[in-house]
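Biologist: Before we use any of the words on this model, I would like to know how each of them is earned. Please show it to me first.

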Amino acid sequence: MNTKTSGLLLALYVVAGCSGGSERNCGQIDGMPRFAVVLTDFQSTSIGLLDAEGEALTECWIDSGSLAANLVATLSGDVVLGTEQPTGALAIIDRFGTDVYSRVSLESPTILGQVRLQDPDISGAFSANPHDAVTSSPTSVWISRYAGNADPDAPPIARGSDLLEVDPTTFMRTG
């Protein structure tokens, strides 16, 4: 198990599947979430929420098939949560092969916005494999892109192995 602290919200990563069945109660919570749990088998992902005592509010608040696709399906099988979480939302990073930063409202699992972390129009695009997000101001989130592009002529947006700035109010890449 891997844990990351993020203010009042703690993210727990568990490599396991979400149990199915009608008891799942997806998208509905009764109480204030203080922990988020990522359940994955690297094919699909489910995010559950826990209260301050670690009791489950729901084991599948949002999962790979719970919402209509926006830029991508709701969640891929390779998902992490940002180190710092915004107030009232969950910052989700779809990693290798997807490369998307999303914010989802905690009031209901509604996508507030998504942004691709590289330019999909560049031929020969690669996966930058993003893996963390830190907020530096209300209009600036820095997202680390782990993998580098082997093409020495790649434009800056397609180089990777860097920090990419995103404005979370417009979901645009800014630097």
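Modeller: A salt bridge here is a side-chain nitrogen of Lys or Arg within 4 Å of a carboxyl oxygen of Asp or Glu. Keep in mind that this is a predicted model.

Biologist: Why is the pair of arginine 145 and aspartate 162 called a salt bridge?

Modeller: The closest N and O atoms of arginine 145 and aspartate 162 are 2.8 Å apart. The cut-off is 4 Å, so the pair qualifies.

Biologist: What makes this pair a link between separate parts of the chain?

Modeller: Arginine 145 lies in strand β11 and aspartate 162 in strand β12, so the salt bridge ties together parts that are 17 residues apart in sequence.

Biologist: How do you know whether arginine 145 is buried or exposed?

Modeller: Its relative accessible area is 2%. Buried means under 20%, so arginine 145 is buried. Aspartate 162 has 26% relative accessibility. That value falls between 20% and 50%, so aspartate 162 counts as partly exposed.

Biologist: How many salt bridges does the rule give?

Modeller: The count is 2. Arginine 95 also forms one with aspartate 78, where the closest N and O atoms are 2.9 Å apart. Arginine 95 sits in the loop between β7 and β8, and aspartate 78 in the loop between β5 and β6.

Biologist: Why is aspartate 78 called buried?

Modeller: Its relative accessibility is 18%. The limit is 20%, so aspartate 78 counts as buried. Over the whole protein, buried residues make up 49% of the 175 residues.

Biologist: What makes β11 and β12 a pair, and in which sense do they run?

Modeller: Pairing needs at least two bridges, and β11 (residues 140-148) and β12 (residues 160-167) have 6, so they pair, in the antiparallel sense. One of the partnerships joins glycine 148 to glycine 160 in β12.

Biologist: Which sheet holds these strands, and why are some of its strands called edges?

Modeller: The sheet is open and has 4 strands in the order β10-β11-β12-β13. β10 (130-137) and β13 (172-173) each have a single partner strand, so one side of each is left without a neighbour in the sheet. The protein as a whole has 0 helices and 13 strands.

Biologist: How do you know how confident the predictor was?

Modeller: The average pLDDT is 79, and 77% of the residues score at least 70. Over residues 1-10 pLDDT stays under 50, and the statement also holds for residues 12-24.

How values were computed
Residues numbered from 1 in each chain as written. Predicted model: local features only at pLDDT ≥ 70, side-chain atom pairs only at ≥ 80, totals over all residues. Heavy atoms only, no water. pLDDT = per-residue confidence, 0-100. Contact = heavy atoms within 4.5 Å. Buried < 20%, exposed > 50% of the residue type's maximum accessible area, 1.4 Å probe, protein only.
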